[in-house]
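Thanks for coming, everyone. I'll take a few minutes to walk you through a structure that is new to this group. Please put it up on your screens.

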Amino acid sequence: MDEMQKIFECVRCGYCCIGKTTVSLDEEDQRRMVEALGLSEEEVRKKYWRVTGNIVQMKIVAGHCIFFNNGCTIYAGRPWRCGQWPMHPSLLTDENNFKTIKASCPGINQQISYEEFCRILQSIIDAQGTVLC
Ligand code: SF4
Ligand code: SF4
């Protein structure tokens with residue numbers, strides 16, 4: 001078991017892909033998604049994105065992200081915020097946030113103490129400089 005598996009292992013329940021909005025995509029996310037889909041940016045924009053002013057998000061279909069279908073169907077081209085979820089750095093400084101995220105994400109070790117969770121997450125960040133789940 002690696003360090004990440006001690007604190008988190010995605011069970012692909014899809015709860016984080018459900019809702020009325022999705023994360024927003026920065027320019028690098030948009031570029032990666034266009035490349036992953038192998039379409040023109042115009043086609044991707046039309047088919048998959050919801051654009052509100054400068055904010056680009058993925059469309060919601062039937063109450064979930066357009067790319068969710070028993071798991072993420074654009075895994076290699078997913079936005080960085082999806083890749084980071086649920087290991088948001090604020091978890092290290094806000095125990096209430098940890099409790100809220102833990103309650104909504106069954107992939108987080110439900111038995112681990114907050115202190116132990118932070119110790120392991122911090123050691124992963126120190127070793128890798130970032131966290132991708
Ligand atoms: S990150 Fe958590 S909420 Fe999202 S699919 Fe994995 S286990 Fe479910
Ligand atoms: S891009 Fe993938 S991980 Fe992100 S919300 Fe959509 S289906 Fe979920």
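**A quick tour of the model**

Let's begin with a strand. In β2, which covers residues 55-58, the side chains take turns. V56 and M58 point to one face, and both are buried. I55 and Q57 point to the other face, and these two are not buried. That fits a general pattern: in a regular strand, side chains alternate between the two faces of the sheet.

One caution before we go on. This is a predicted model.

Now the partner of that strand. β1, residues 49-52, pairs with β2. The sense is antiparallel, and there are 4 bridges. One pairing to look for: R50 has Q57 as its bridge partner in β2. β1 and β2 form a hairpin, with 2 residues between them. G53 sits in the turn, and its phi is positive, about 60°.

Let's step back to the protein chain as a whole. How many helices and strands does it have? The answer is 6 helices and 4 strands. In sequence order the pattern reads α-α-α-β-β-β-β-α-α-α. The C-alpha atoms fill a box of roughly 45 × 30 × 30 Å along the principal axes. The chain has 133 residues, and 20% of them are buried. Take the contacts with a separation of 6 or more: 67% of them come from residues 24 or more positions apart.

On to the ligands. Which residues surround ligand 1? The list is C10, V11, R12, C13, G14, Y15, C16, W85, P86, C105, P106 and G107. By type, that shell holds 9 nonpolar, 2 polar and 1 charged.

Stay with two of those residues. The peptide bond from W85 to P86 is cis, and omega is near 5°. P86 itself is in the loop between α4, residues 80-84, and α5. For context, most peptide bonds are trans.

Ligand 2 has its own surroundings. Around it are C17, T22, M58, C65, F67, F68, C72, I74, R78 and C82. This shell divides into 8 nonpolar, 1 polar and 1 charged. You have met M58 already, as one of the buried residues of β2.

Next, some backbone angles. Most residues other than glycine have a negative phi. A62 is not a glycine, yet its phi is positive, about 55°. Where is A62? Look in the loop between β3, residues 60-61, and β4, residues 64-65. Is A62 buried or exposed? A62 counts as exposed, because it has 7 C-beta neighbours inside 10 Å.

N70 is another case. Its phi is positive too, near 55°, and N70 is not a glycine either. N70 lies in the loop between β4 and α4. Why does N70 count as exposed? Because it has 7 C-beta neighbours inside 10 Å.

Last stop: a helix. T100 is in α5, which runs over residues 95-104. T100 has 12 other C-beta atoms within 10 Å, so it is exposed; the cut-off for exposed is 12 or fewer. Now compare positions with R50, the residue we met in the hairpin strand β1. T100 and R50 are 50 residues apart along the chain. Their C-alpha atoms are separated by 27 Å.

That's the tour. I'm happy to take questions.

Technical notes: Residues are numbered from 1 along each chain as its sequence is written. Chains are lettered from A and ligands numbered from 1 in the order in which they are written. This is a predicted model: local features need pLDDT of at least 70, side-chain atom pairs count only at pLDDT 80 or more; totals for chains, interfaces and linings use all residues. A residue is near a molecule or strand if its C-beta atom, placed from the backbone, lies within 6 Å of it. Ala, Val, Leu, Ile, Met, Phe, Trp, Tyr, Cys and Pro count as nonpolar, Asp, Glu, Lys and Arg as charged, and the others, Gly among them, as polar. Two strands pair if DSSP finds at least two bridges between them. Two residues are in contact if their C-beta atoms, placed from the backbone, lie within 7 Å.
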